[in-house]
Structures are given as C-alpha cells and as structure tokens.
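Subject: Structure handover

Hello,

Here is the structure we talked about. Please open it and keep it beside this email as you read.

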Amino acid sequence: MTTKFEVELLPDAVEFLENLDNKAREKIYYNIKKAQFVNDNELFKKLNELIWEFRTLYNGKAYRLFSFWDNVDGKETLVVATHGILKKTQKTPSKEIKRAEEIRKQYLINKTKNK
C-alpha cells in the first residue's frame, strides 16, 4: 500500500511535538502515519481553502497540527505541518488558522527564492 502524501514538519510543529509527553506524541505520529493511507476526517480535515489539520484525541485532549498542501511536480504529494495546539474549545481558533496561513505564505516565498 502506498502513501497518499508525504509529511514535512516545520520547526514550530517539531517544537510542539517535542514538548508533549511521549504517549501523546506517539499517538499523534501514529495518526499522521495512518492519515497518509486512509481518507478519514477524524484524522485529517480541511479547515478552509488552504489550511488542513491533523487531529488527535488522546486522554480526553484534542491535539491539532495545522498544515497545508505543497504541490510537488504539479501533484499534491507533500503536506507541510506548520504548528500545533492543544485545543481547549469546540471551535478552532481563527488566529491559529491565520497563523498557519502566514507560515504557508512565508514557506512558499522561501521555496520560490531557493529555486
């Protein structure tokens, strides 16, 4: 079985994961891996036109890793995780979505410069 996409973690996403306890971190990595093989809105959900989130519910806590698609060779084959939060309310904070959009914009600018 082949993966539907690869995942790249940007520094803020790595830092978020490193600050979690081992069990929570392992569960998030497991769910990211699973999302690469199956279409499941409980694991990987579109928030708006540009931003998606990896979703993990563990020990009664909702973890979210914000992300976006990067087209490689004209195909959506890379998902870039921008940063993560421990979600405290039902609604996803709009400031976190905006932060992910800003990180995406900067990522694409840097990618274009480095070509």
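Below are the findings, grouped by topic.

One point before the details: this is a predicted model.

**The nonpolar cores**

Start with the inside. The largest nonpolar core has 18 residues. Within this core, the residues with the most contacts are F5, L20, I28, F44, F54 and L65. Five elements each give two or more residues to the core: helices α1 (11-18) and α2 (22-35), and strands β3, β4 (61-72) and β5 (75-87). Which of them gives the most? That is α2, with four residues. Another core lies apart from this one. That second core has eleven residues, including F66, F68, V80 and A100.

Now look at F54. Its relative accessibility is 3%, so F54 counts as buried. Leaving out residues up to four places away in sequence, F54 touches F5, V7, I32, A35, L43, F44, Y63, R64, L65, S67 and V79.

**Aromatic rings**

A pair of aromatic rings is described by the distance of the centres and the angle of the planes. How many such pairs does the structure hold? There are eight aromatic pairs.

Take F5 and F54. Their ring centres are 6.5 Å apart and their planes meet at 45°, so this pair is tilted. The two residues come from distant parts of the chain, 49 residues apart. F5 sits in the segment before β1, and F54 in strand β3. F5 is buried too, at 5% relative accessibility.

Then take F68 and Y107. Here the centres are 5.2 Å apart and the planes are at 65°, so the pair is edge-to-face. F68 is in strand β4 and Y107 is in helix α3 (residues 94-113), so the pair ties together parts 39 residues apart in sequence. Are these two buried or exposed? Both F68 and Y107 are buried.

There is also one aromatic cluster, formed by F5, F44, W52, F54 and W69.

**Salt bridges**

Side chains of opposite charge can pair when their charged atoms come close. A search of the whole structure finds seven salt bridges.

One of them joins D12 and R99, at 3.0 Å from N to O. D12 lies in helix α1 and R99 in helix α3, so the bridge ties together parts that are 87 residues apart in sequence. D12 is partly exposed, at 33% relative accessible area. R99 is partly exposed as well, at 35%. D12 and R99 also belong to a network of salt bridges with K95 and E96.

Another bridge joins K105 and E102, at 3.6 Å. These residues are three apart in helix α3, so about one helical turn separates them. K105 is partly exposed, at 46%. E102 is partly exposed, at 48%.

The bridge between R55 and E53 has its closest N and O atoms 3.0 Å apart. Both residues are buried. E53 has a relative accessible area of 1%. E53 lies in strand β3 (residues 52-58). Beyond four places in sequence, the residues that E53 touches include L43, F44, K45, R64 and T92.

**The start of the chain**

Last, find T3. This residue lies in the segment before β1 (6-9). T3 is partly exposed, with a relative accessible area of 30%. T3 and Q36 are 33 residues apart in sequence, but 5.2 Å apart in space, C-alpha to C-alpha. Leaving aside neighbours within four places, T3 is in contact with Q36 and F37. The T3 side chain also makes a polar contact of 3.3 Å with the side chain of E6.

Best wishes

Terms used: Residues are numbered from 1 along each chain as its sequence is written. This is a predicted model: local features need pLDDT of at least 70, side-chain atom pairs count only at pLDDT 80 or more; totals for chains, interfaces and linings use all residues. Side-chain values use heavy atoms; hydrogens and water are left out. Buried means under 20% relative accessible area, exposed over 50%, partly exposed in between (1.4 Å probe, protein chains only). Contact means heavy atoms within 4.5 Å. A nonpolar core is a set of buried Ala, Val, Leu, Ile, Met, Phe, Trp, Tyr and Cys residues joined through side-chain atoms within 4.5 Å. A polar contact is a pair of N or O atoms within 3.5 Å; within protein, one must be able to donate a hydrogen and the other to accept it, and residues adjacent in sequence count only if both atoms are side-chain atoms. Rings of Phe, Tyr and Trp (its six-membered ring) pair if their centres lie within 6.5 Å; planes under 30 degrees apart count as stacked, over 60 as edge-to-face and the rest as tilted. A salt bridge is a side-chain nitrogen of Lys or Arg within 4 Å of a carboxyl oxygen of Asp or Glu.
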